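Biologist: Thanks for sitting down with me. Could you take me through this chain, from its surface to its loops?

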Amino acid sequence: MNYQKAIRNLPHVTNYLTSKKVLNYLKYRRDLGKRSIITSSFPPGITFQSSGYCNSNCRLCPVGLGIKGPQKGFLEIEKFRKVIDEANDYLVTVDFADWGEPFLNPSVFGMIRYAEEKRIITHASTNLHQFNNENDLEKLLDCGLSFLIVSLHGVSQETYETYQPDKNFEATVEKIKTLISLKKQLKRKTPVINLAFAITKKNKHEIEKMRYFAKEMEVDSSIYTASLNLRFYQADPAKAIKLVEDWAQDDELEPCHNTKFGKYKINELYAAILKEKQVCFDKLDKHELTTRCFCYDPWESLTVNWNGTVSLCCTDYSKFLMGDTNQESIMTIWNNKRYQAVRQFLAKELVDNAFHFPCEKCIRY
């Protein structure tokens with residue numbers, strides 16, 4: 001989890017922690033362990049969708065593939081500040097990510113600065129395509145961002161453009177080098193830079209090369225099994241099968257841990273789908289091969305969308321409405337009837353509700 005990584009890796013993390021945040025974190029761990037339906041804690045981290053738009057066309061992403069989704073827009077800084085002011089006493093981290101390129105929103109730098117001033121650790125994920133020169137990149141240093149994740153997923157032009165068609169690997173590498181150089185020149189410790197490498201059948205041969213590349217650049221790397229987002233193809237088994245056949249990391253390599261779902265379950269999931277020739281939830285559930293068997297998100301995180309509405313988690317592309325911060329407090333939303341129903345469902349309790357939430361048909365991978 002990002003807040004745990006932040007606590008381990010950020011040199012001045014004690015500047016961000018307060019007794020209230022520590023107490024809330026301990027309560028969260030207790031609530032999670034007990035599977036509390038009504039929690040006594042607030043999630044230590046929130047994901048903000050600062051932008052619903054993206055400037056890339058990643059082959060495993062619904063945005064890049066043009067899959068129809070909700071209306072898109074940019075998060076207004078006033079909506080962001082409202083949520084931060086309400087939850088500030090409990091938040092360890094905020095993430096700027098979720099089905100869009102966060103830095104397409106020019107207000108995101110002000111949001112990062114505001115959160116950092118409130119002693120909240122900030123993370124942001126980017127493809128760097130939005131940054132064209134040193135002045136653009138320097139904004140990443142000036143806003144006070146704690147952690148920057150750069151989506152790379154390849155260490156050559158061939159693999160890079162397989163995932164992000166028509167994008168230039170060397171151009172992105174030059175931006176990373178420039179950012180690192182600016183950090184040294186300005187003597188900045190942050191942002192801590194992390195290169196993301198999602199393993200697929202098409203890039204698995206570059207895993208060691210990726211580790212060496214990051215080490216040579218003197219930055220961190222996250223190497224993990226890619227999500228195929230199979231839940232988007234439930235109604236089209238042929239597409240789901242082809243996705244697994246073309247992209248899924250196979251048994252030649254041990255899957256890298258990326259989820260509480262369990263690293264060995266991922267290959268079992270793919271094998272079961274290929275065998276059944278469909279995404280059959282009942283059969284997958286019997287083998288505990290879906291996150292419907294248990295997911296931590298309704299206890300540890302939530303997502304605030306660009307329009308101020310709240311989604312259950314960052315994997316919910318359809319943006320099922322859990323609440324609306326324009327009309328009510330984020331604190332009230334967190335334990336409302338919808339959150340209680342989701343927790344009951346995941347805790348294997350009977351759910352008496354008239355709506356169907358995403359968890360009922362979710363495969364995180």
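Biologist: Let's begin with the surface: how much area does the chain expose, and what share of it do carbon and sulfur atoms supply?
Modeller: Happily, and please keep in mind that this is a predicted model. The area that the chain exposes comes to about 16500 Å². Of that area, the part supplied by carbon and sulfur atoms is 49%.

Biologist: How far apart do the centres of the positive and negative side chains lie?
Modeller: The positive set has 51 side chains and the negative set has 45. Taking the centre of each set, the distance between the two is 3 Å.

Biologist: Which radius of gyration does the chain have, next to what a compact globule would have?
Modeller: The C-alpha atoms fill a box of roughly 60 × 45 × 35 Å along the principal axes. For 365 residues, a compact globule would have a radius of gyration near 21 Å. The chain agrees with that, because its own value is 20 Å.

Biologist: What share of the residues counts as buried?
Modeller: The chain is built with 14 helices and nine strands. Contacts between residues at least 6 apart in sequence join residues at least 24 apart in 71% of cases. As for burial, the share of the 365 residues is 55%.

Biologist: How many disulfides does a search of the whole structure find?
Modeller: A disulfide needs two cysteine sulfur atoms within 2.5 Å. The search of the whole structure comes back with a count of zero. C54 fits that result, with the nearest cysteine sulfur, in C58, 6.1 Å away. C295 has its closest cysteine sulfur in C313, at 6.2 Å, which is too far for a bond, so the count of disulfides stays at zero.

Biologist: Is C295 buried or exposed, and what about C54?
Modeller: C54 has a relative accessibility of 32%, so C54 counts as partly exposed. C295 has a relative accessible area of 12%, and because buried means under 20%, C295 is buried.

Biologist: Where is Q49 found, and is it buried or exposed?
Modeller: Q49 is in the loop between β1 (45-48) and α3 (77-87). Its contacts beyond four places in sequence include L75, W99, W306 and K319. With a relative accessibility of 5%, Q49 counts as buried.

Biologist: L312 is in a loop too; how far is it from C359 in space?
Modeller: The loop holding L312 runs between β8 (309-311) and β9 (323-324), and L312 is buried, with a relative accessible area of 3%. Among the residues that L312 touches are P298, F320, Y339 and C359. L312 and C359 are 47 residues apart in sequence, and their C-alpha atoms are separated by 8.9 Å.

Biologist: How far apart in space are N15 and R119?
Modeller: N15 has its place in the loop between α1 (2-9) and α2. At 47% relative accessibility, N15 counts as partly exposed. In sequence, N15 and R119 are 104 residues apart, yet from C-alpha to C-alpha the distance is 7.0 Å.

Biologist: And how far apart in space are A198 and V219?
Modeller: A198 lies in strand β5 and counts as buried, at 4% relative accessibility. Leaving out residues up to four places away in sequence, A198 touches H153, N203, Y224 and A226. V219 is 21 residues from A198 in sequence, and the C-alpha to C-alpha distance is 17 Å.

Biologist: What is omega for the peptide bond from T190 to P191?
Modeller: P191 is placed in the loop between α7 (169-185) and β5 (192-199). The bond from T190 to P191 is cis, with omega near 5°.

Biologist: K187 lies in the loop between α7 and β5; what is its phi?
Modeller: K187 counts as exposed, at 75% relative accessibility. Although K187 is not a glycine, its phi is positive, at about 55°.

Biologist: R35 also has a positive phi; where is its place?
Modeller: R35 is not a glycine either, and its phi is about 55°. Its relative accessible area of 31% makes R35 partly exposed. The place of R35 is in the loop between α2 (19-34) and β1.

Methods: Residues are numbered from 1 along each chain as its sequence is written. This is a predicted model: local features need pLDDT of at least 70, side-chain atom pairs count only at pLDDT 80 or more; totals for chains, interfaces and linings use all residues. Side-chain values use heavy atoms; hydrogens and water are left out. Buried means under 20% relative accessible area, exposed over 50%, partly exposed in between (1.4 Å probe, protein chains only). Helices (H or I, at least four residues) and strands (E, at least two) are DSSP runs, numbered from the N terminus. The radius of gyration is taken over C-alpha atoms; the globule rule is 2.2 Å times the number of residues to the power 0.38. Contact means heavy atoms within 4.5 Å. Accessible areas come from the Shrake-Rupley method with a 1.4 Å probe; for residues, only the protein chains shown count as cover. Lys and Arg count as positive and Asp and Glu as negative; His and the chain ends are not counted. The place of a charge is taken as NZ of Lys, CZ of Arg, CG of Asp or CD of Glu.
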